[in-house]
Amino acid sequence: MRIVFIILITIFISIFSAPGQSFDSSGRVIDDGRFAAATKQVNQFFRRFNAEESKEGDIRYNPGDENYRDKALRKSFINILFDNETSDVSNDLKREFINHVVSDVYPQYLNFHGGEWFAEVTTVFNYNGKRQDVTLFLKLQPQGLGYEWVVENVSFPPFSDAFDKPEGDDKKFLHPLSHELGFMNLKKAMLDNPKPESYTPDGYKPDYLTIFLYEIKKNRMKFETVKDTKFHFFQIDKWYFELTQFNRPGFNTGWLIANLLKLEEGDKEIILNYIYDRN
């Protein structure tokens, strides 16, 4: 059985008349009063980042339209796509990022089907009779004539805590002449050692997704609800940002960039290890 999770995007019921934002000479964010609403959907975030809709959000721009991906419009849009209330992203970093993506030489856009972005979904499962948080990581993949969201990874402390492979002198091993005994020492190894992962190859990594699916099949893990969703983007060359939904009073609400990092060599793997909670 293949399990595919579809992310349900929450849409704000009320549409507010919200101002746009830009930077003044001192670097502070100011309102210009021309943007119609919060960024209510992830798809709208893509359109606004690329300048593929009007400021009022009522007109879609297509290739060939005068305003399609207009540089000035993109700057205005991207300015309002940041969480300006709780995040600690500096205005200098925002400005550098915006100038990078709207560059005349190499402008960069977000592509919904372009890969290099994925969802992190905090869910609640009943596991062995206890409600516990399980973090699922989902990506888009082609399916027939369209696409589908699929679970590609899972983070769950009871799984990761169950595997703790010893190292060095603490690691038990099977003697290199075990074959001469018909591997009869396997019985003692598997019965007496509480850490059978000791006998796995160097570099062994447990497959938590397979364990997760197995526990669901055995009816020991039952889905209850989704608590939170965020998205991680690596599509922009040498940059990473996190997209989070903010549901709060005021104009700076909806799907906004909550974290922004400029990447150096090797940073991407470090960030992925942190996101996936890899040991």
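Q: Is Y240 buried or exposed, by relative accessibility?
A: This is a predicted model. In the model, Y240 has 3% relative accessibility, so Y240 counts as buried.

Q: And F234, buried or exposed?
A: F234 counts as buried, because its relative accessibility is 9%.

Q: How are the rings of F234 and Y240 placed?
A: Their centres are 5.0 Å apart and their planes are at 40°, so the pair is tilted.

Q: Which charged end sits over the ring of F234?
A: That of K268, 5.3 Å from the ring centre. There is also R69, whose charged end sits over the ring of Y109, 4.0 Å from the centre.

Q: How many aromatic pairs does the structure hold?
A: It holds 28. One of them is F118 with Y276, which is stacked, with 5.6 Å centre to centre and 20° between the planes.

Q: Where in the chain are F118 and Y276?
A: F118 is in strand 3 and Y276 is in the segment after helix 7. They are 158 residues apart, so the pair links distant parts of the chain.

Q: Are those two buried or exposed?
A: Both F118 and Y276 are buried.

Q: New topic, the sheet. What is the strand order?
A: The order is 5-4-3-6-7-8, in an open sheet of six strands with antiparallel pairing.

Q: Which strands stand at the edges?
A: Strand 5 (146-155) and strand 8 (254-262). Each has a single partner strand, so one side of each has no neighbour in the sheet. Neighbouring strands are turned by 35° against each other on average, direction ignored.

Q: How many bridges join strand 7 to strand 8?
A: Eight bridges join them, and the two strands run antiparallel. As one example, W239 has K262 in strand 8 as its bridge partner.

Q: What lies across the sheet strands?
A: Helix 6 (residues 208-217) lies across strands 3, 4, 5 and 6, at about 100° to strand 5. Helix 7 (residues 267-275) lies across strands 3, 4, 6, 7 and 8, at about 20° to strand 3.

Q: What about T135, where is its place?
A: T135 is in strand 4. It is buried, with a relative accessible area of 17%. Beyond its neighbours within four places in sequence, T135 is in contact with residues including E120, T122 and N153.

Q: Last one, which residues of helix 3 are buried?
A: In helix 3 (residues 91-101) they are K94, F97, I98 and V101.

Q: Why are they on the same side of helix 3?
A: Because they cover an arc of only 100° around the axis. In general, an α-helix has 3.6 residues a turn, so residues three or four places apart point the same way.

Note on methods:
Residues are numbered from 1 along each chain as its sequence is written. This is a predicted model: local features need pLDDT of at least 70, side-chain atom pairs count only at pLDDT 80 or more; totals for chains, interfaces and linings use all residues. Side-chain values use heavy atoms; hydrogens and water are left out. Buried means under 20% relative accessible area, exposed over 50%, partly exposed in between (1.4 Å probe, protein chains only). Helices (H or I, at least four residues) and strands (E, at least two) are DSSP runs, numbered from the N terminus. The arc is that of the directions from the helix axis to the C-beta atoms. Two strands pair if DSSP finds at least two bridges between them. Axes are lines fitted to C-alpha atoms, for helices over the stretch in contact, and angles run from 0 to 180 degrees between N-to-C directions. Contact means heavy atoms within 4.5 Å. Rings of Phe, Tyr and Trp (its six-membered ring) pair if their centres lie within 6.5 Å; planes under 30 degrees apart count as stacked, over 60 as edge-to-face and the rest as tilted. A charge sits over a ring if NZ of Lys or CZ of Arg is within 6 Å of the ring centre and within 35 degrees of the ring normal.
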